[in-house]
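Q: I am new to this structure and should be grateful for a close look at a single part of it. Please begin with one pocket and then follow the strands and contacts outward from there.

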Amino acid sequence: MNSHRVWRCFLLWFFVAIFLAGGRAAADGGPLRVGGYVKGFLTVLDRVEGTAGPVGWGAYCPIRLKAFWRPNRTVSGEVAYALTPRVRKGQGGFSGTALPRSESLAYRGADLRAYLYPGLDKAPGTFALAQNLDRMFFTVSLPAVDVYVGRQPIAFGSARVVNPTDVIAPFTHEALDKEERAGVDALRVRLPVGAMGELDAGVVFGDGFSVKTGAAFLQGRVYWMETDFLLMAMVFREHLLLGVDLARAVGGAGAWLEAAWTLAGAAGGSRLDEDYVRISGGLDYQFPGGIYGFVEYHFSGAGASGAYHGALNKTAFTEGGVYLMGRHYVAPGFTYQATPLLTLSLQALANTGDGSAFLAPRVGYGFTQDVFATAGVFIGLGPGGGGGRVEAERGSEFRRYPARYFGSLRFYF
């Protein structure tokens, strides 16, 4: 398929989706509500230092349709399905850093095939058409308990940048689109306790509904001494996680402390790796003049303090949702509401052990209530030279990251 045909297919798909969105017929105020969005991303990937080859680019256009049905106060249901045409050229694949990517879909008992094009047993080329049945669950709301059954979003933790307790479907620091958490197949029960407390338990199914590849969790939340306390126990892929999450106000600022202790293989698996602790703590504050700022510290006991070449083989990275290779990080950030329509933001993630940093400045503009545009760049900085695998072995984590320029247009309906 030549490049001109690829672009014609991509643009045709984009405009057809907008036409269909504008012609939807969902009755406002009725038991059924239909909506969704169309997003267009364009990314340009600069070459990695020390490597040859052309600059890569990619286009990514998720088209999501969703329906919410609530015939009465007790029962409700939600379904969401996304089609995503993707085009890429040069360095980086659909699952690499050149394109936005969906997070792990490992916690699903059964699923649709990932790509409608190309066919089975064929690797994606210049053009691909992906699909994702991302929501399909029912909620039963009773006076004493809420029950959720089916494919649903599940997330944990109050930290702003890195959540140690969030191991089911975590976002990475370089994900472009963090609006929708990947749906997982689960049975979840939430029980209110007192005025502000809650018990929350669930079973998350793995591939083929296997117990060994699934997860189960129990967490309790209480409000005491003006602080939200949450204690958690989770078994995931035969590992045991014990977590705590605290959040409260300190003066005019918000404060949080989230920590998880993972015992690798303690729930029946092979104990080939060491146990590890992860901690995130920070403060945020709303300054006068429309400026919001925060700073977070993160410690990862699963990371390495020197060379990183063997870190990604550990259980923490392959099964525990860990994606940062070092041990100590500082993550400051701010957002400035320049006008009601214009937003400027900058976030950084610095590895204090090797002196490298990941910067993410961006600007957002709202044309209308339902149309938004964003542009920005991801930049990796750090000491050393040579790039690629050499830098990974020497220990300059973020220097290996190529610069990625991106723009997006989002339309909601």
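Which strands each supply at least two residues of the lining of the second largest pocket?

A: The model is a predicted one. Strands E1 (32-45), E15 (291-300), E16 (328-337), E17 (342-351), E18 (356-366), E19 (371-381) and E20 (404-412) each supply at least two residues of that lining. The second largest pocket holds about 750 Å³ of space. Its lining is made up of 30 residues, and those closest to the centre are Leu176, Lys178, Ser345, Gln347 and Arg362. By character, the lining divides into 15 nonpolar residues, eight polar ones and seven charged ones.

Two of the strands named above lead on to further features. Strand E15, one of the contributors to the lining, is also the place of Tyr297. Tyr297 belongs to a nonpolar patch on the surface, which it forms with Val250, Leu283, Val295 and Val330. Together these residues have about 380 Å² of accessible area. Tyr297 itself has a relative accessible area of 34%, and therefore counts as partly exposed, a class that lies between the limits of 20% and 50%.

The loop between E16 and E17 contains Ala338. Ala338 is partly exposed, at 30% relative accessibility. In sequence, 47 residues separate Ala338 from Ile291, yet their C-alpha atoms are 8.6 Å apart in space.

Beyond the pocket, contacts between charged side chains offer another way to read the fold. The structure holds 17 salt bridges. One of them joins Arg64 to Asp134, with 3.2 Å between the closest N and O atoms. This pair links distant parts of the chain, since Arg64 is in strand E3 (residues 63-69) and Asp134 is in strand E6 (residues 127-141), 70 residues apart. Arg64 has a relative accessible area of 4% and is therefore buried, the limit for that class being under 20%. Asp134 is likewise buried, with a relative accessible area of 3%.

A second salt bridge is formed by Arg188 and Asp200, whose closest N and O atoms are 2.5 Å apart. Arg188 belongs to strand E8 (residues 184-193) and Asp200 to strand E9 (residues 197-204), so this contact ties together parts that are 12 residues apart in sequence. Both partners are buried. Strand E8 also contains Val189. Val189, at 32% relative accessibility, counts as partly exposed. Between Val189 and Gly202 the C-alpha distance is 6.1 Å, although the two are 13 residues apart in sequence.

A third salt bridge connects Arg248 with Glu226, the closest N and O atoms being 3.8 Å apart. Arg248 lies in strand E12 (residues 239-250), while Glu226 lies in the loop between strand E10 (215-224) and strand E11 (227-236), so the pair ties together parts that are 22 residues apart in sequence. Arg248 is partly exposed at 36% relative accessibility, and Glu226 is exposed at 57%. Salt bridges that share partners also join Arg64, Arg108, Asp111, Asp134, Arg135, Arg151, Glu180 and Asp185 into one network. Arg64 and Asp134, described above as a pair, thus both appear in that network.

The backbone deserves a final look. Most residues other than glycine have a negative phi, and most peptide bonds are trans. Glu226, the partner of Arg248, has a phi near 60°, a positive value in a residue other than glycine. Glu238 has a positive phi as well, of about 70°, and is not a glycine. The place of Glu238 is the loop between E11 and E12, and its relative accessibility of 22% makes it partly exposed. A further backbone feature is the cis peptide bond from Tyr117 to Pro118, with omega near 0°. Pro118 is situated in the loop between strand E5 (115-117) and E6. Strand E6 is also where Asp134, the partner of Arg64, is located.

How values were computed: Residues numbered from 1 in each chain as written. Predicted model: local features only at pLDDT ≥ 70, side-chain atom pairs only at ≥ 80, totals over all residues. Heavy atoms only, no water. 1 Å grid on protein atoms, 1.4 Å probe; cavity = no way out; pocket = protein on both sides within 12 Å on 5 of 7 lines; lining within 4 Å. Points joined across faces, edges and corners; volume = space filled by probe spheres on them. Helix = DSSP H or I, 4+ residues; strand = E, 2+ residues; numbered from the N terminus. Nonpolar A, V, L, I, M, F, W, Y, C, P; charged D, E, K, R; others polar. Patch = residues over 30% accessible without salt bridge, like charges linked within 9 Å, V, L, I, M, F, W, Y side chains within 5 Å. Areas by Shrake-Rupley, 256 points an atom, 1.4 Å probe, with all protein chains shown as cover. Salt bridge = Lys/Arg side-chain N within 4 Å of Asp/Glu carboxyl O. Buried < 20%, exposed > 50% of the residue type's maximum accessible area, 1.4 Å probe, protein only.
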